[in-house]
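I opened my notebook on this structure to look up how its helices pack and how its aromatic rings pair. The entries follow in the order in which I looked things up.

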Amino acid sequence: MGWLWAIIVGFVLGLIAKAIIPGKQHSPLWLTTVFGMLGATVGNAFARAVGVGATRGVDWTRHLFQLVAAIVIVFLGDMLYMALWGGRRRQVA
């Protein structure tokens with residue numbers, strides 16, 4: 001159940017990050033989900049390092065760290081994706 005929850009959170013964080021970043025992102029949905037999962041992990045680690053990893057009630061600060069990390073990772077990951085695979089478009093004869 002933990003993996004399913006991580007995938008769902010990564011999917012949602014990735015989509016929100018794509019919506020916040022200006023312009024069009026070209027990475028596929030599965031990669032956006034992976035970037036969102038990485039953002040959640042990095043955001044959790046940063047929140048724990050700052051001391052707000054676990055608070056009473058809803059951890060809004062932790063969620064904010066997760067979202068910011070997801071935005072950065074989606075942005076950088078999409079740039080890397082376009083640099084590596086962006087120019088490889090199929091030519092239809």
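Is Phe65 buried or partly exposed, by its relative accessible area? I looked this up in what is a predicted model, and I noted that Phe65 has a relative accessible area of 21%, so I entered it as partly exposed, the cut-off for buried being under 20%.

Next I looked up aromatic pairs and found a count of two. In one of them, Phe46 and Phe65 meet edge-to-face, with 4.9 Å from centre to centre and 80 degrees between the planes. Since Phe46 belongs to helix α2 and Phe65 to helix α3, this pair ties together parts that are 19 residues apart in sequence. Phe46 I also entered as partly exposed, because its relative accessibility is 46%.

I then turned to the pair of Tyr81 and Trp85, which is tilted, at 5.8 Å centre to centre and 45 degrees between the planes. Both residues lie in helix α3, four residues apart, which is about one turn of the helix. Tyr81 is partly exposed at a relative accessible area of 22%, and Trp85 is partly exposed at 44% relative accessibility.

Last, I looked up the packing of helix α2 (residues 29-50) against helix α3 (residues 60-85), and noted an angle of about 140 degrees with the axes 7 Å apart. The two helices are therefore oblique to each other, and their crossing is right-handed. Among the residues that make the contact are Phe35, Leu38 and Phe46 of α2 and Phe65, Ile73 and Tyr81 of α3. I noted that the residues of this contact divide into 14 nonpolar, five polar and two charged.

Technical notes: Residues are numbered from 1 along each chain as its sequence is written. This is a predicted model: local features need pLDDT of at least 70, side-chain atom pairs count only at pLDDT 80 or more; totals for chains, interfaces and linings use all residues. Side-chain values use heavy atoms; hydrogens and water are left out. Axes are lines fitted to C-alpha atoms, for helices over the stretch in contact, and angles run from 0 to 180 degrees between N-to-C directions. Angles under 35 degrees count as roughly parallel, over 145 as roughly antiparallel, 65 to 115 as roughly perpendicular and the rest as oblique. A crossing is left-handed if the near helix is turned anticlockwise from the far one by less than a right angle, and right-handed if clockwise. Contact means heavy atoms within 4.5 Å. Ala, Val, Leu, Ile, Met, Phe, Trp, Tyr, Cys and Pro count as nonpolar, Asp, Glu, Lys and Arg as charged, and the others, Gly among them, as polar. Rings of Phe, Tyr and Trp (its six-membered ring) pair if their centres lie within 6.5 Å; planes under 30 degrees apart count as stacked, over 60 as edge-to-face and the rest as tilted. Buried means under 20% relative accessible area, exposed over 50%, partly exposed in between (1.4 Å probe, protein chains only).
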